[in-house]
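User: Got a model here I'd like to walk through. Can you help me with the charged pairs and the empty spaces?

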Amino acid sequence: MILIYFDNAATSGKKPESVVDAVANALKNFSANPGRSGHDLSIKTADAVFKTREKIANFFGSQEPEKVVFTLNCTHSINCVLKGVLRRGDHLIISNLEHNAVMRPLKKLKANFSVAEVSENKSETLANFERLIKPNTRLIFVTGASNVTGQILPIKELGDLCKNKGILFGVDAAQIAGNRAINMQKMNIDFLCIAPHKSLYAPMGIGILICRKPLENTILEGGTGTDSLDFSQPRILPEGMESGTINVPAIFGVSAGLDFVEKIGIEKAYKHEFELLEMLYFGLSKNPNVTLYTAPPRFLESVPVLPFNYKNFDSFKTAAILNKNGFAVRGGLHCAPTAHKALKTGDFGAVRVSFGLFNTKNEVQSLLKLINSNNFS
């Protein structure tokens, strides 16, 4: 049985051959620790890594490649921001669609935060954030798009609000980096947290954090290859946030993934995925046994993610049936209980289908044929 992969919101299920080749090239020809040794191979590797920082900075509208930090994953990047920015007495605002990558660090920090409700109306959403601003509000941090509902938040408008109010602005771009254009300068984003293994088609096990403003605290200290006589962690970026050996093969994969997405074009990639989302949504909407939890997807306002449930089935049961029939989807709460609370699915979760560039309309038709059949069980 050929597996049809519809779990791209978790990680892109297929990687381009160029990414696979880039990782292999790093392992074969660049297996030296960048920034640690003075020999030719180390210098060559450090140069290749810096060129990738430059490529990332250009792709996301940052003018400073040295502010591009490689982390373990997007969750690590988010932790760096929340724990590196917030001080005692600070207040922050988040949305009601946040992932546990945000909620759990805030719990650990015992942070003082308010939750703004995200509406389908952009103006209402902005008003909901603005009314929560206090004199001690230091940061607004939001997901770029919900990994449960697929709704894209008004990032540019929220960035403008933060700029006008003198507030720092951070974005969890796990679901939008690679399928929506992001320009940190134009959107006034101070901290961008990226999961390149999703819509940038890079390997798993690497994250990116781009900083426009310095972080006051670090959450990981150690060797950086600089100022080794000083036991204090250096503040200069990127070294100050990259203690230990960085994942060079994955960085090469990120570089190739960026090239892949740029060659196709973000708008073209998004249009393809959105067409699949529309096909699935309207195909399921005709089935009385299926419950859909979102309004019909809107172009440029939804990423290719769709939650649903079948009859009175537990979402895990539906996902298991689909898996048995060759479809990889995800059931449950998707590490985002606040989003499920907003959908009123907090007790039972939802089945999530999420698309990538390698998915096809024929695959969506096959899924619809199975779910809409009389013997789906």
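User: Which residues are linked in a network of salt bridges?

Analyst: Arg 87, Asp 90, Arg 138 and Glu 216. Keep in mind that this is a predicted model.

User: How many salt bridges does a search of the whole structure find?

Analyst: The search turns up 17.

User: What does Lys 165 meet in a salt bridge?

Analyst: The side chain of Glu 130, at 3.6 Å from N to O. Lys 165 sits in helix α6 (residues 155–165) and Glu 130 in helix α5 (residues 122–130), so this bridge ties together parts 35 residues apart in sequence.

User: Is that Lys 165 buried or exposed?

Analyst: Lys 165 is partly exposed, at 45% relative accessibility. Glu 130 also counts as partly exposed, at 39%.

User: And Arg 180, what does it form a salt bridge with?

Analyst: Glu 267, with the closest N and O atoms 3.6 Å apart. Arg 180 is in the loop between β6 (168–172) and α7 (184–187), while Glu 267 is in helix α9 (residues 266–285), so the pair ties together parts 87 residues apart in sequence.

User: Arg 180: buried or exposed?

Analyst: Buried. Its relative accessible area is 13%, and the cut-off for buried is under 20%. Its partner Glu 267 is partly exposed, with a relative accessible area of 43%.

User: Which residue forms a salt bridge with Glu 275?

Analyst: Lys 361, and the closest N and O atoms are 3.8 Å apart. This pair links distant parts of the chain: Glu 275 is in helix α9 and Lys 361 in helix α12 (residues 361–371), 86 residues apart. Glu 275 is partly exposed at 25% relative accessibility. Lys 361 is partly exposed too, with a relative accessible area of 41%.

User: Switching to pockets. What volume does the largest pocket have?

Analyst: About 820 Å³.

User: Which residues lie nearest its centre?

Analyst: Gln 151, Ile 152, Leu 153, Glu 301 and Ser 302, out of 43 residues that line the largest pocket. The elements giving two or more residues to that lining are α5, α6, α9, β10 (305–310) and α11 (337–343).

User: Which of those gives the most?

Analyst: α6, with 3 residues.

User: How do the residues of that lining divide?

Analyst: For the largest pocket, 25 are nonpolar, 10 polar and 8 charged.

User: And the second largest pocket, what volume?

Analyst: About 380 Å³. It is lined by 24 residues, and those closest to its centre are Ala 9, Thr 75, His 99, Ala 174 and Lys 198.

User: Where does the largest share of that lining come from?

Analyst: Helix α3 (residues 74–85), which supplies 3 residues to the second largest pocket. By class, this pocket's lining has 10 nonpolar, 9 polar and 5 charged residues.

User: Now closed spaces. How many cavities of 30 Å³ or more?

Analyst: The count comes to 2. The largest cavity holds about 100 Å³ of space.

User: Which residues lie nearest the centre of that one?

Analyst: Asn 8, Ala 9, Asn 179, Ser 199 and Phe 355, from a lining of 15 residues. The lining of the largest cavity has 6 nonpolar, 7 polar and 2 charged residues. Ala 9 came up before: it is also one of the residues closest to the centre of the second largest pocket.

User: What lines the second largest cavity?

Analyst: His 76, Cys 80, Thr 218, Ile 219, Leu 220, Gly 240 and Met 241. The volume of this cavity is about 40 Å³. Its lining has 4 nonpolar and 3 polar residues, with no charged ones.

User: Zooming out, how many helices and strands?

Analyst: The protein has 12 helices and 12 strands.

User: What radius of gyration does the protein have?

Analyst: 21 Å, which agrees with the value near 21 Å for a compact globule with 377 residues. The C-alpha trace spans about 70 × 55 × 30 Å along its principal axes.

User: What percentage of the residues count as buried?

Analyst: 56% of the 377 residues.

User: Last one. Among contacts between residues at least 6 apart in sequence, what percentage join residues at least 24 apart?

Analyst: 66% of those contacts.

How values were computed: Residues are numbered from 1 along each chain as its sequence is written. This is a predicted model: local features need pLDDT of at least 70, side-chain atom pairs count only at pLDDT 80 or more; totals for chains, interfaces and linings use all residues. Side-chain values use heavy atoms; hydrogens and water are left out. A salt bridge is a side-chain nitrogen of Lys or Arg within 4 Å of a carboxyl oxygen of Asp or Glu. Helices (H or I, at least four residues) and strands (E, at least two) are DSSP runs, numbered from the N terminus. Buried means under 20% relative accessible area, exposed over 50%, partly exposed in between (1.4 Å probe, protein chains only). On a 1 Å grid over the protein atoms alone, a cavity is a set of points where a 1.4 Å probe fits but cannot get out, and a pocket is an open set with protein on both sides within 12 Å along at least five of seven lines; lining residues have an atom within 4 Å of a point. Grid points are joined across faces, edges and corners, and a volume is the space filled by probe spheres set on the points. Ala, Val, Leu, Ile, Met, Phe, Trp, Tyr, Cys and Pro count as nonpolar, Asp, Glu, Lys and Arg as charged, and the others, Gly among them, as polar. The radius of gyration is taken over C-alpha atoms; the globule rule is 2.2 Å times the number of residues to the power 0.38. Contact means heavy atoms within 4.5 Å.
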